[in-house]
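Q: I'm new to this one, so could you take me through a single part of it slowly? I'd like a close look at the place where protein and DNA come together.

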Number of protein chains: 2
Amino acid sequence: MLSRMSVYTPGQVAEETGFSLDTLRYYERIGLLEPIGRNAAGQRRFTQEDIGWLGMIRCLRDTGMPIAEMLRFAELTRQGEHTIRDRIALLEAHDRRVEAQVANLREKQTAIRNKIGYYRGVVGTGRGLS
Amino acid sequence: MLSRMSVYTPGQVAEETGFSLDTLRYYERIGLLEPIGRNAAGQRRFTQEDIGWLGMIRCLRDTGMPIAEMLRFAELTRQGEHTIRDRIALLEAHDRRVEAQVANLREKQTAIRNKIGYYRGVVGTGRGLS
DNA sequence: GCTTGACCTGGAGCCCGCTCCAGGTGCCAT
DNA sequence: ATGGCACCTGGAGCGGGCTCCAGGTCAAGC
């Protein structure tokens, strides 16, 4: 415990973010994370900021954004403040896709529930309807 | 137009269901569809029932069910009415996963919208906050 | 009778997003 | 000083779900 100055080992970050060690390394390799700081021995030490960024990545991934587009977002972010409007546009477009996703999910879920209801009717009466 | 007796060519089915020709053939190959009827020339002719089943497949796929599990469902269906309770259980379990999916999507979407709001604040005031 | 187009088959290939591996280094506790 | 463990690297491999291809068959229209 020599540093309470908010750095985290790969293991801790994996634990906290739910990404595997391999995935964290992979994301750094492809440039989705910018190069993570290292200690004297060459081991990664993540900052609070890295973890925040990983939180964003987690949101985008979980909502189905492909890596290529997350890379685009990462690049914009690296380019500084003059890209904020582009970032807003990107996130809004994504938000719309998420909305569509939810709508589709709900629609299909309704159909599945209808099927369940139909099956219940069949077992309920003890005789097949189709 | 020799048959109005409800059979459909692969092209028509692809059109209607949104599955590609290759995907339809693939699904038949792996047993997700049972063997599709053929005309004299060996070309597939889908029935209304086939199309109905494809509708179910579409629901399950769009809600993220893996093919392996759809195969299990297909197998149960083929085995007849005594598997209906199992089918209900399978669909209910899936329905719960869909519910969780939607909840997760909504949660992440909220975070994304917050980020958009934050970015708006930044461009709005013309000065960065982070 | 010839072209065009929709279809057929078996099998190879592809993309995505990781995941695993071998071989090696360094820190820490006993 | 020795063992164990967390970590390192570059590169290969994998699983899921299609997608594409070559080479061939038939049917209908010009």
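A: Let's start with a word we'll need: helices here are DSSP runs of at least four residues, numbered from the N terminus. Also keep in mind that this is a predicted model.

Now to DNA strand C. It has 19 residues around it, and the closest are A:Asp22, A:Tyr27, A:Arg61, B:Arg25 and B:Arg44. Of the atoms of DNA strand C that come within 4 Å of the protein, 74% belong to sugar and phosphate.

What do some of the phosphate contacts look like? In chain A, an N or O atom in the side chain of A:Arg61 sits 3.0 Å from a phosphate oxygen of DNA strand C. Over in chain B, B:Thr9 brings a polar side-chain atom to 3.4 Å from a phosphate oxygen of the strand. B:Gly11 uses its backbone instead: an N or O atom there is 3.0 Å from a phosphate oxygen of DNA strand C.

Which elements help build this surface? Two or more residues each come from α2 (21-30) of chain A, and from α1 (10-17) and α2 (21-30) of chain B. The biggest giver is α2(A), with five residues. As for the kinds of residue near DNA strand C, seven are charged, six are polar and six are nonpolar.

So that's the picture: a surface with residues from both chains among the closest to DNA strand C, with α2(A) giving the most to it.

Conventions. Residues are numbered from 1 along each chain as its sequence is written. Chains are lettered from A and ligands numbered from 1 in the order in which they are written. This is a predicted model: local features need pLDDT of at least 70, side-chain atom pairs count only at pLDDT 80 or more; totals for chains, interfaces and linings use all residues. Side-chain values use heavy atoms; hydrogens and water are left out. A residue is near a molecule or strand if one of its heavy atoms lies within 4 Å of it. A polar contact is a pair of N or O atoms within 3.5 Å; within protein, one must be able to donate a hydrogen and the other to accept it, and residues adjacent in sequence count only if both atoms are side-chain atoms. Ala, Val, Leu, Ile, Met, Phe, Trp, Tyr, Cys and Pro count as nonpolar, Asp, Glu, Lys and Arg as charged, and the others, Gly among them, as polar.
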